[in-house]
Amino acid sequence: MRRGPALAAVAVIGALALAGCGGSDSDSGSAASGAEFSVDAAYIPQPVSDSMAAGFLTITNEGGTADELTSVTSEAGEVTVHETAGGTMKEVDRLEVPAHGQLVFKSGGNHLMFEKLKQQPKQGQSVAVELHFAHSDPVTVKMPVKAATYQPATGDSGHTEDSGH
């Protein structure tokens with residue numbers, strides 16, 4: 001019921017995290033590559049496992065050049081990138097972030113897997129991750145830990161959430 005304030009908080013946290021990274025408005029390092037990234041809807045459902053968690057976010061590229069997400073790192077533990085195609089999940093070493101497009105990580109689709117966690121993230125905490133790209137500077141994002149049952153109201157597709165993983 002309180003999705004509005006929660007979503008607004010996620011947007012503010014994402015904006016603050018990106019502002020701290022040196023945006024493209026000043027001294028733009030990303031202008032040379034042509035990719036201009038913003039990240040929103042980032043969150044981690046509170047994991048039930050002590051050693052594993054999933055993460056979701058949306059990377060938007062407003063620039064005219066595609067790039068690729070090549071890895072994600074975090075002090076919290078090991079992070080791998082997974083895609084889901086045809087109902088099958090597999091680890092990948094890169095995913096395209098299209099020019100003037102988005103790379104979406106959501107439940108039942110592409111997602112981040114946190115493994116070998118140093119401690120189990122709890123609701124109300126945040127986990128910092130650094131997104132690494134083939135051609136652009138890294139982007140640091142704080143991912144708030146939400147309730148295990150949290151369902152974002154992103155308006156990405158208008159579809160209802162699949163029962164997924």
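Phe37 comes out buried, since its relative accessible area is 17% and the cut-off is under 20% (exposed is over 50%, partly exposed in between, with a 1.4 Å probe and protein chains only). Phe133 is buried too, at 8%. This is a predicted model, so local features need pLDDT of at least 70 and side-chain atom pairs pLDDT 80 or more, while totals for chains, interfaces and linings use all residues. Residues are numbered from 1 along each chain as its sequence is written, and side-chain values use heavy atoms, leaving out hydrogens and water.

On to the rings. Pairing takes Phe, Tyr and Trp (its six-membered ring) with centres within 6.5 Å; planes under 30 degrees apart are stacked, over 60 edge-to-face, and the rest tilted. That rule gives 3 aromatic pairs. One of them joins Phe37 and Phe133, stacked because the centres sit 4.2 Å apart with the planes at 15 degrees. Phe37 belongs to strand β1 (residues 37–45) and Phe133 to strand β9 (residues 126–133), so the pair ties together parts 96 residues apart in sequence. Tyr43 and Phe56 make a tilted pair, because their centres are 5.3 Å apart and their planes at 40 degrees. This one ties strand β1 to strand β2 (residues 52–61), 13 residues apart in sequence, and both rings' residues are buried. Ring pairs also bring Tyr150 into a cluster with Tyr43 and Phe56.

As for the overall fold, the protein has 1 helix and 10 strands, taken as DSSP runs (helices H or I, at least four residues; strands E, at least two) numbered from the N terminus. Buried residues are 39% of the 165.
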